[in-house]
Amino acid sequence: MGEGMLTVEYCRVSTEEQATEGFSIEGQADRLRAYSVARDLGEITVVSDPGISGKNMERPGLQQVLAAVEAGHVSHLLVWRLDRLSRNLSDLILLADTLGSHGVALHSVSENLDLSSAAGRMFYNILGTFAQFFREQLAENVKMGNERAVREGKWVNRPKTGYDLLRRVSSSRPCERS
């Protein structure tokens with residue numbers, strides 16, 4: 001491994017996952033660190049994006065990782081699962097190409113992924129397809145739930161700016177004032 005090369009552990013949780021799965025940034029980092037130490041992957045740097053969706057690559061932590069990759073400072077990138085890296089198949093393909101062109105080995109610890117083979121790359125694409133499917137399915141479910149709540153006269157999230165919830169009337173629709 002070259003002088004100054006790093007093993008980067010990228011961790012991400014969205015607020016929904018923190019609430020439902022209880023799987024924290026710290027939990028991911030601990031497992032990735034154990035994996036890295038067991039394989040003697042060198043100096044470790046943890047980069048995280050807590051509470052940020054994986055729907056696109058506009059995340060400060062991920063951008064920091066990509067900058068380090070493009071600068072030639074990274075030898076290994078570790079993630080707990082591919083969907084921590086992205087929940088968008090085209091982004092995952094772009095990331096794999098970027099990592100490969102800079103000689104960075106990607107490790108998906110829970111999926112035991114090896115991108116050095118045709119089968120490993122195919123599996124990577126299949127997992128990426130499922131990550132995107134689950135993100136889109138969640139969005140559909142949230143939209144359906146919000147539409148139902150509105151039909152039932154319930155607030156979705158909080159009142160719009162300039163409005164206050166004063167009282168509920170018999171139809172259970174909120175009263176608004178500006």
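Trainee: How many of the residues of E1 are buried?

Mentor: Eight of its eight, so to read the model, start there: E1 is mostly covered. Keep in mind that this is a predicted model.

Trainee: Which residues of E1 are on one side, and which on the other?

Mentor: The general idea is alternation. In a regular strand, side chains alternate between the two faces of the sheet. Now the case here. Leu6, Val8, Tyr10 and Arg12 lie on one side of E1. Thr7, Glu9, Cys11 and Val13 lie on the other. Both faces are covered, and these residues are all buried.

Trainee: What is the order of the strands in the sheet?

Mentor: Recall how sheets form. Strands pair through backbone hydrogen bonds, either parallel or antiparallel. Here four strands make an open sheet in the order E2-E1-E3-E4, with parallel pairing. E2 and E4 stand at the edges. Each has a single partner strand, so one side of each is left without a neighbour in the sheet. From one strand to the next, the twist averages 20°.

Trainee: How many bridges join E1 to E2, and how many pair E1 with E3?

Mentor: Seven bridges join E1 to E2, and the two run parallel. E1 and E3 pair over four bridges, also in the parallel sense.

Trainee: Which residues are the bridge partners of Arg12 and Val8 in E2?

Mentor: Arg12 has Asp49 as its bridge partner in E2. For Val8, the partner in E2 is Thr45. Turn to E3 and take Glu9: its bridge partner there is Leu78.

Trainee: On to the helices. What should helix H2 span, at 1.5 Å a residue?

Mentor: H2 covers residues 25-38, which is 14 residues. It should span 20 Å. The end C-alpha atoms are 20 Å apart, which agrees.

Trainee: Which residues of H2 are buried?

Mentor: Start with the periodicity. An α-helix has 3.6 residues a turn, so residues three or four places apart point the same way. In H2, the buried residues are Ile25, Gln28, Ala29, Leu32, Tyr35 and Ser36. They cover an arc of only 125° around the axis, which puts them on the same side of H2.

Trainee: Which exposed residues does the face turned away from that side carry?

Mentor: Glu26, Val37 and Ala38 are the exposed residues on that face of H2.

Trainee: What covers the buried residues of H2?

Mentor: The cover includes strands E1 (6-13), E2 (44-50), E3 (74-79) and E4 (105-108). Helix H4 (82-85) is included too. Just after H2, look at Asp40: it takes a positive phi of about 50°.

Trainee: Where does helix H3 lie?

Mentor: H3, residues 60-70, lies across E1, E2 and E3. It runs at about 145° to E2.

Trainee: Take one residue, Thr98. Is it buried or exposed?

Mentor: Place it before you judge it. Thr98 sits in helix H5, residues 89-101. Its relative accessible area is 15%, and the cut-off for buried is under 20%, so Thr98 is buried. Leaving out residues up to four places away in sequence, Thr98 touches Leu66, Val69 and Glu70.

Trainee: Now the chain as a whole. How many helices and strands does it have?

Mentor: Six helices and four strands. Along the sequence, they follow the pattern β-α-α-β-α-β-α-α-β-α. The chain has 178 residues, of which 36% count as buried.

Trainee: How much area does the chain expose?

Mentor: About 10500 Å², with carbon and sulfur atoms supplying 52% of it. Then check the contacts. Among those between residues at least 6 apart in sequence, 63% join residues at least 24 apart.

How values were computed:
Residues are numbered from 1 along each chain as its sequence is written. This is a predicted model: local features need pLDDT of at least 70, side-chain atom pairs count only at pLDDT 80 or more; totals for chains, interfaces and linings use all residues. Side-chain values use heavy atoms; hydrogens and water are left out. The expected span of a helix is 1.5 Å times one less than its number of residues. Buried means under 20% relative accessible area, exposed over 50%, partly exposed in between (1.4 Å probe, protein chains only). The arc is that of the directions from the helix axis to the C-beta atoms. Contact means heavy atoms within 4.5 Å. Two strands pair if DSSP finds at least two bridges between them. Axes are lines fitted to C-alpha atoms, for helices over the stretch in contact, and angles run from 0 to 180 degrees between N-to-C directions. Accessible areas come from the Shrake-Rupley method with a 1.4 Å probe; for residues, only the protein chains shown count as cover.
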